[in-house]
Amino acid sequence: MTKKNLTLILLLFTTFCLVAQDNQKLFDNSYALLNNMIENESNYSFKKAVFSVENAYLDGNLDTLKINKQIKLLNNLSRSLIKDRFLVYIEKDKEKVNKWASVFEVMHDTIPLNINDTIYKYVPFGYDFNDVFGHSTRENLFVSKLLETRKGNCHSLPYLYKILAEELGVEANLALAPNHIYIKHRSIKDGWYNTELTSGIFPIDAWIMASGFVHIDAISNGVYMKALNNKESIALVLIDLADNYNVKFPYNDGTFILKCCETAIKAYPNFATALILRAETHYKQIEKIQDKVKHDLEFKDLEKEYAHIHQIGYRNMPEEMYLNWLVSLKEERSKYENKKMNIFNKN
């Protein structure tokens, strides 16, 4: 090898190391932000949390100015709908329900817009069945991708809904089903009800149960169908961060992943996805242990972890069955739709 070639290799290696350090710092900064939101809820911002995670994966290249502009436009559209719509709802929480209805309409409905006496058609967000789990590329799960393409999935759609609701000053509770995220609201008139962004309807709880993978223990333990509070929602984003890190640094030693998992589990103890990721990371670490006695002891602890996950009611749902279950909501809409939730009419 010539001296010139050796110098070039060293230069490339140094550049690679510096880039890796910068990328690691982005993930560390995102973790610190999310952890701070859990420790001190006055610092909570779901929007900042989500986009800090996406920015870390995108090497700091997320166009936050463009994203904030897009969200502001959607927020302004929601406010105009609130102002112009007649809401068939008379309870004292009408203002809050009206805001939820406006966000739902922005997410799901085609809306005529009169701009300088010309009518334009606002096109809502749709479901993208391509790579719904982000196996091919993590960006398919991102809200930034949803805003850019107007196509999303059961990850990005409810995340954007929650962001838009909070921009209007109202809560929107995320909730989990097998491989799935949706929205739960509580109104004076109807109590708790579900909002499903992938199909744009308000399904009854029986639809969640119809998946066949919701054990009664999973409901009683808050694994599924629980209206998540802000800290628990940040726990979801922490696991997004960990999953992104695993893709970005496939040969990591598990330290960062476990830090994210432990923080998420502290905020949401029965968060099955975090418990599973923690167990899987421990398994990878155990496989590298050379000492047989230590290996066997660690493996017994790992078996306890998996036993706990099963005990709280988690059952693995195959991806193909998930997609079939998702489609069933549209095909059997009349069976699962909450008929009470046609709550507003437009003048």
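Does Asn252 count as buried or exposed, or in other words, which class does its relative accessibility give? In this predicted model, Asn252 has a relative accessibility of 16%. Buried means under 20%, so Asn252 counts as buried. The residue sits in the loop that links α9 (230-248) to α10 (255-267).

The surroundings of Asn252 can be described through its side chain. A polar contact of 3.0 Å joins the side chain of Asn252 to the side chain of Asn246. A polar atom of the Asn252 side chain also lies 2.6 Å from the backbone oxygen of Phe249. When residues up to four places away in sequence are not counted, Asn252 touches Tyr245, Asn246 and Ile257. Asn246 therefore appears both as a polar partner of the Asn252 side chain and among the residues that Asn252 touches, while Asn252 itself is buried at 16% relative accessibility.

Before turning to other residues, the chain as a whole can be considered. It contains 14 helices and nine strands. Its radius of gyration is 22 Å, and the globule rule gives 20 Å for 347 residues; the two values are close, so the chain is as compact as a globular protein of that length. Along the principal axes, the C-alpha atoms fill a box of roughly 75 × 50 × 40 Å. Of the 347 residues, 50% count as buried. Among contacts between residues at least 6 apart in sequence, 67% join residues at least 24 apart.

The surface and the charges complete this overview. The chain exposes about 18,200 Å², and carbon and sulfur atoms supply 54% of that area. There are 43 positive and 43 negative charges, and their mean positions are 4 Å apart.

Helix α9 leads back to the interior, since Val237 lies in it. With a relative accessible area of 1%, Val237 falls under the 20% limit and is therefore buried. Leaving out residues up to four places away in sequence, Val237 touches Leu34, Phe46, Ala49, Val50, Val53 and Tyr159. One of these, Phe46, belongs to the range of α2 (46-57). The C-alpha atoms of Val237 and Cys260 are separated by 9.6 Å, and the two residues are 23 apart along the chain.

Tyr268 is found in the loop between α10 and α11 (272-286). Its relative accessibility is 3%, so Tyr268 counts as buried. Apart from neighbours within four places in sequence, Tyr268 is in contact with Leu176, Gly222, Val223, Leu228, Glu232, Ala235 and Leu236. For one of these partners, Ala235, the C-alpha separation from Tyr268 is 6.6 Å, although the two residues are 33 apart along the chain.

Two further loop residues are marked by their backbone angles. Most residues other than glycine have a negative phi. Asp59 is not a glycine, yet it has a positive phi of about 60°. Asp59 is placed in the loop between α2 (46-57) and α3 (64-84), and its relative accessible area of 33% makes it partly exposed. Asn179 likewise has a positive phi of about 60° without being a glycine. Asn179 is placed in the loop between β6 (173-177) and β7 (180-187), and at 31% relative accessibility it counts as partly exposed.

Technical notes: Residues are numbered from 1 along each chain as its sequence is written. This is a predicted model: local features need pLDDT of at least 70, side-chain atom pairs count only at pLDDT 80 or more; totals for chains, interfaces and linings use all residues. Side-chain values use heavy atoms; hydrogens and water are left out. Helices (H or I, at least four residues) and strands (E, at least two) are DSSP runs, numbered from the N terminus. The radius of gyration is taken over C-alpha atoms; the globule rule is 2.2 Å times the number of residues to the power 0.38. Buried means under 20% relative accessible area, exposed over 50%, partly exposed in between (1.4 Å probe, protein chains only). Contact means heavy atoms within 4.5 Å. Accessible areas come from the Shrake-Rupley method with a 1.4 Å probe; for residues, only the protein chains shown count as cover. Lys and Arg count as positive and Asp and Glu as negative; His and the chain ends are not counted. The place of a charge is taken as NZ of Lys, CZ of Arg, CG of Asp or CD of Glu. A polar contact is a pair of N or O atoms within 3.5 Å; within protein, one must be able to donate a hydrogen and the other to accept it, and residues adjacent in sequence count only if both atoms are side-chain atoms.
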